[in-house]
Amino acid sequence: MPWLRRFLPYFAVGLGFLGFQSAWLSLVGYHLGILTMFWLENGWERFRALRPVFHPGWAALAWISACLAGLLLYSGWDGLPLPGNVPAMLRQLGLTQTNWPWFIAYFSLVNPWLEETYWRSRPIALAKLPIADDFWFAGYHLLILVRFVPGGWLLLGVMILAGAAWFWRQVFRQTGSTFIPAVAHLLADFSILTAIYFRTVPA
């Protein structure tokens with residue numbers, strides 16, 4: 001059911017984020033959808049691709065670049081075409097000063113392992129060139145970004161995310177494991193969300 005596998009993230013994130021105006025519901029719904037697809041496809045064995053395999057060169061490249069994502073976002077925040085009421089918009093999505101740290105923890109510790117298995121553990125992920133799933137993965141993020149940045153920046157965001165998806169697939173292709181990409185994904189999620197937290201939550 002490739003059409004359902006690709007459509008489901010858009011439905012879950014769109015319903016939670018745009019429909020119910022809840023970052024929490026969007027994230028949990030997305031994760032429940034991923035688990036449902038694993039159940040429907042009997043794809044639990046794909047989690048074996050997460051087995052720890054360490055390659056110093058690929059690990060350093062993937063993990064350092066992932067950390068830079070949040071650092072670049074934090075340092076370049078004032079130059080981005082963001083609305084002036086981002087903190088209020090985030091509160092409307094259920095991200096308050098109290099629960100932001102819990103959201104960052106859940107997002108960072110759970111999301112990378114599910115997403116890397118969902119998007120990048122199939123045989124097609126071993127392709128050298130960009131594939132459709134790179135852009136399907138990047139595309140659902142538009143449902144989140146569209147609230148905060150204008151059109152040209154949306155395209156840039158999709159290209160960056162598709163590039164990250166392609167790069168993480170290449171690490172999987174070279175190492176035979178999604179472990180290094182999953183840790184890189186964790187570091188990217190954590191660094192980006194932490195940058196947003198420190199830029200929007202009063203000290």
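Gln-21 has 32% relative accessibility and therefore counts as partly exposed. The model here is a predicted one, and this glutamine is a good place to start reading it. Gln-21 sits in the loop between α1 and α2. Its phi is near 55 degrees, a positive value in a residue that is not glycine.

The surroundings of Gln-21 bring in residues from elsewhere in the chain. Not counting residues up to four places away in sequence, Gln-21 touches Gly-16, Gln-92, Leu-93 and Arg-147. With Arg-147 there is also a polar contact, in which the two side chains come to 3.2 Å. Gly-94 is 73 residues from Gln-21 in sequence, yet their C-alpha atoms are 7.8 Å apart in space.

**The loop neighbour and the nonpolar patch**

Phe-20 lies in the loop between α1 and α2 as well. Is Phe-20 buried or exposed? Phe-20 counts as exposed, because its relative accessibility is 54%. Phe-20 also belongs to a nonpolar patch on the surface, together with Trp-3, Phe-7, Phe-11, Leu-15 and Leu-25. Together these residues offer about 680 Å² of accessible area. Helix α1, residues 2-19, supplies the largest share of the patch, with 4 residues.

**A buried histidine in α2**

Moving along the chain, we reach His-31, which is placed in helix α2. His-31 counts as buried because its relative accessibility is 3%. Which side chains make polar contacts with the side chain of His-31? One is that of Tyr-106, at 2.8 Å, and another is that of Asn-111, at 2.9 Å. Leaving aside neighbours within four places in sequence, the residues in contact with His-31 are Tyr-106, Val-110, Asn-111 and Leu-114.

**Another loop with a positive phi**

Asn-42 is found in the loop between α2 and α3, the latter covering residues 56-75. Its phi is positive, at about 50 degrees, although Asn-42 is not a glycine. With 55% relative accessibility, Asn-42 counts as exposed.

**A serine between the last two helices named here**

Ser-177 is found in the loop between α8 (151-175) and α9 (179-200). Where does Ser-177 stand, buried or exposed? Ser-177 counts as buried, because its relative accessibility is 0%. The side chain of Ser-177 has backbone partners: a polar atom of this side chain lies 3.1 Å from the backbone oxygen of Ala-49, and the side chain reaches the backbone nitrogen of Phe-179 at 3.0 Å. Leaving aside neighbours within four places in sequence, Ser-177 is in contact with Ala-49, Leu-50, Arg-51, Val-53, Val-171 and Phe-172.

Here are the polar distances for the residues discussed above.

| Side chain of | Partner | Distance |
|---|---|---|
| Gln-21 | Arg-147, side chain | 3.2 Å |
| His-31 | Tyr-106, side chain | 2.8 Å |
| His-31 | Asn-111, side chain | 2.9 Å |
| Ser-177 | Ala-49, backbone oxygen | 3.1 Å |
| Ser-177 | Phe-179, backbone nitrogen | 3.0 Å |

**The chain as a whole**

Let us step back to the overall fold. How many helices and strands does the chain have? There are 9 helices and 0 strands, so that, read from the N terminus, the elements run α-α-α-α-α-α-α-α-α.

The overall dimensions can be checked against a simple expectation. A compact globule of 203 residues would have a radius of gyration near 17 Å, and the chain has 17 Å, so the two agree. The C-alpha trace spans about 45 × 35 × 30 Å along its principal axes.

Of the 203 residues, 46% count as buried; His-31 and Ser-177 are among the buried ones. The accessible surface of the chain comes to about 10200 Å², and carbon and sulfur atoms hold 74% of that surface. Among contacts with a separation of 6 or more, 84% join residues 24 or more positions apart. The contact between the side chains of His-31 and Tyr-106 and the one between Gln-21 and Arg-147 can serve as examples to look at in the viewer.

Key. Residues are numbered from 1 along each chain as its sequence is written. This is a predicted model: local features need pLDDT of at least 70, side-chain atom pairs count only at pLDDT 80 or more; totals for chains, interfaces and linings use all residues. Side-chain values use heavy atoms; hydrogens and water are left out. Patches are made of residues with over 30% relative accessible area and no salt bridge: like charges are joined within 9 Å, nonpolar side chains (Val, Leu, Ile, Met, Phe, Trp, Tyr) within 5 Å. Accessible areas come from the Shrake-Rupley method with a 1.4 Å probe; for residues, only the protein chains shown count as cover. A salt bridge is a side-chain nitrogen of Lys or Arg within 4 Å of a carboxyl oxygen of Asp or Glu. Buried means under 20% relative accessible area, exposed over 50%, partly exposed in between (1.4 Å probe, protein chains only). A polar contact is a pair of N or O atoms within 3.5 Å; within protein, one must be able to donate a hydrogen and the other to accept it, and residues adjacent in sequence count only if both atoms are side-chain atoms. Contact means heavy atoms within 4.5 Å. The radius of gyration is taken over C-alpha atoms; the globule rule is 2.2 Å times the number of residues to the power 0.38.
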